[in-house]
Amino acid sequence: MKSAPQNLLPLLKQHFGFASFRPLQEEIIRDSLAGRDVFALLPTGGGKSLCFQLPALAGDGLTVVVSPLIALMKDQVDALQAAGVPATFLNSSLAAGEARSRLRGLHQGEFKLLYVAPERLMLSGFLADLPRWNVRLIAVDEAHCISEWGHDFRPEYRQLAQLRDRFPQTPFMALTATATGRVRADIITHLKLREPKAYVASFNRPNLAYHVVPKNKPYNQLLHFLREHPRESGIVYCQSRKTAERVAANLTGDGIKARPYHAGLTPKERSEHQELFLRDDVRVVCATIAFGMGINKPNVRFVVHYDLPKNIEGYYQETGRAGRDGLPGECVLLFSPGDVIKQTRFIDEKPDPREQKIAREQLQQMVHYAECAGCRRTELLRYFGETFAGDNCGACDNCLAPRATFDGTLAAQKFLSCVFRIREKNGFGAGLNHVVEVLVGADTEKIRKWNHTQLSTYGIGKEHSRAEWSAIGRELVRLGLLRQTSEKFSTLELTAEGSGALRDRRKITLTQPAVAPEPPAHHVGEIACDEALFERLRALRKMLADERDVPAYIVFSDVALRQMARDYPANDRDFSRISGVGEKKLREFGGLFLGEIAAYLQTHPRQIFADDSFTSPAAAPPPRQRPGDSARETLRRFRAGQAVEQIARERGMTTNTIYGHLAEAVAQGEPVDLQQFFSLPEISEVASAFGRAGGESLGPVFEALGGRIDYGRLRLFRAAAQARR
């Protein structure tokens, strides 16, 4: 796929609407165009896809993209087609007639990009067709799937090694968002990459904030978090299908539109739930940790891990689905040591001892991250072999609210001594739980069997609970004073450092248990803008996306809308400077959005924003009050699915009274979706009417709308508008 050097920026702006490349993108693209094999490790949201999409446009022939996720293929192809790029996909979701039509197009050279799953690509008939399609680049996305050390190993990826023998002169590109050094070497070896140029970007996602919260009544914790983020969408990861189903159902019952997403649903159900999420019709998806979603949704504002992930690589990739657009994202992990026990049981059920060993090592690393007292960002980057430049990231719980430390020398001496005495007596070590049982003086079968009541350390730790001793033991492992084996019957051993600390009675500082942190005053990457205009532009975007049967972000990203609501573009030239506005989108949408901005400015003054990327810290909200008893009863019935008219009839009240109850609930912070009462054009029309009225009196608004919208709905609209301020 060799190509003469060229200026790639016009092509980048024409099709994708960007004026510059992200780090490493241009170098990767130029090496690929020069015919070199490339290995690219870019974090989620770092622009991996552009690295093979732009070469496909700059060179001739077909670029084949190997992807393991059917849903992601359609997502990316929709976005490419919206940008004017001839792309298609082939997978099992297509009807036979549609698949034949796309194959004809491939034979006729109509496409620049083809997305295909590895299973289909390696079929003999498919392999026979590839040489006829003038394949000039083979890009393997999610390349970590080829390594058994990767967090999402897929055996079918191993077959891709045959492609090198069939296409010896075709350049390959391997891309992944997360991989340790061992996994990187595996990818290069198994794909038979030839002296590849390797690019490894920083794993740091500065716009993401990381929080680990002690797990206590997790559903209540989740519900509180979601109500603190009332207009934002996100993903909640759960360990089991049952939990995902239950949490989604409970959230829906509490007025938050949610759907489950896991392998137990039918393909049709998964597709429907994903489409609802992509189109912002549902704002929360509850997905199993074991099931990769492949969601290419840039405006995911939060990722909550309801249960403990199996490993750091999976956790990193899942948190990376937040803030792909560069705007702030919150990553919250609810952690309980009990989750560690559950994960260990699953590991014990694996039939392959080697797989068990790998899984235990990965789980230990995950627990270390969850319980560490240092900067979360530093810990994540260290895992991937990167050093964070700084002492405080300002965007994780441990940096925002550092945990208190205490002199733990006595407790550490007791624990280390107990580990030493057990090995001295029996000639072999014991696991963490058994050491704790000895310290608290428990009467268990193992203690009696091994005669550990005779140990000098038996019962010397009754001042701490079992949970506290377990936390102390794990911290001693993190401090390097103990080593924990990763065999099925994991044992603790003193390290040389631990033996020295025990012998010399060195002072050892331990950390107090974690508490919930204060939220950050600002977020990296936040774009200050006219929030009322932003909401109007979002409504317009939603209407246009629904008309075209595509997700909202295919029209424009939140970044683009926020820039519009900050800069107030007034003509095509100004509008073309907005991030993501290419030639096709300028022609198709420019007039509509410019018209909406102009209409807004007729009744609203321009706002002026500081040049920095942060919003000023918001004033603390007043304490939240609860709606009255009657309003709460109305809200309960409404969330149970009853219409306003039915509630009014059954309660012997007028519909205006019921709307008043809902307005009261909204005013006190309860979320109610206005789209259940108004169409999108009506929302825009009512907002304009309130703006023209110049106040919040309902009479002038009612008259301006010709009496078409009753006072009850107007009262509810006003309450929702006031609640957003």
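I take helices, of at least four residues, and strands, of at least two, as DSSP runs numbered from the N terminus. With that settled, here are my notes on this predicted model.

**Entry 1: the whole chain**

I began with a tally of the secondary structure, and the protein chain comes to 33 helices and 17 strands. Next I looked up its extent: along the principal axes, the C-alpha trace spans about 90 × 75 × 50 Å. I then checked the radius of gyration, which is 29 Å for the protein chain; a compact globule of 725 residues would have one near 27 Å, so the two agree.

**Entry 2: inside and outside**

How much of the protein chain is buried? I found that buried residues make up 53% of the 725 residues. I also went through the contacts between residues at least 6 apart in sequence, and 73% of them join residues at least 24 apart. For the outside, I noted an accessible surface of about 31900 Å², with 51% of that belonging to carbon and sulfur atoms. Then came the charges: the protein chain has 97 positive and 85 negative ones, and their mean positions are 2 Å apart.

**Entry 3: helix α21**

I picked one helix to follow, α21, which covers residues 466–478. Its 13 residues should span 18 Å at 1.5 Å a residue, because the expected span uses one less than the number of residues. I looked up the end C-alpha atoms and they are 19 Å apart, which agrees.

Which residues of α21 are buried? My list holds W469, S470, I472, G473, R474, E475, L476 and R478. I kept a reminder beside it: an α-helix has 3.6 residues a turn, so residues three or four places apart point the same way.

I also wanted to know what covers these buried residues of α21. The cover includes the helices α14 (337–348), α15 (353–371), α18 (409–426) and α19 (432–440). The strands β15 (482–484) and β17 (509–511) are also among the cover. Just after α21 I came to G480, which takes a positive phi of about 85°.

**Entry 4: positive phi outside glycine**

Where does E195 sit? I found it in the loop between α9 (181–190) and β7 (197–200). E195 is not a glycine, yet its phi is positive, near 40°. Its relative accessible area is 73%, over the 50% cut-off, so I marked E195 as exposed.

My last stop was K217, in the loop between β8 (208–214) and α10 (218–227). K217 also has a positive phi, about 55°, although it is not a glycine. With a relative accessible area of 60%, K217 is exposed too, because exposed means over 50%.

Key
Residues are numbered from 1 along each chain as its sequence is written. This is a predicted model: local features need pLDDT of at least 70, side-chain atom pairs count only at pLDDT 80 or more; totals for chains, interfaces and linings use all residues. Side-chain values use heavy atoms; hydrogens and water are left out. Buried means under 20% relative accessible area, exposed over 50%, partly exposed in between (1.4 Å probe, protein chains only). Contact means heavy atoms within 4.5 Å. The radius of gyration is taken over C-alpha atoms; the globule rule is 2.2 Å times the number of residues to the power 0.38. Accessible areas come from the Shrake-Rupley method with a 1.4 Å probe; for residues, only the protein chains shown count as cover. Lys and Arg count as positive and Asp and Glu as negative; His and the chain ends are not counted. The place of a charge is taken as NZ of Lys, CZ of Arg, CG of Asp or CD of Glu.
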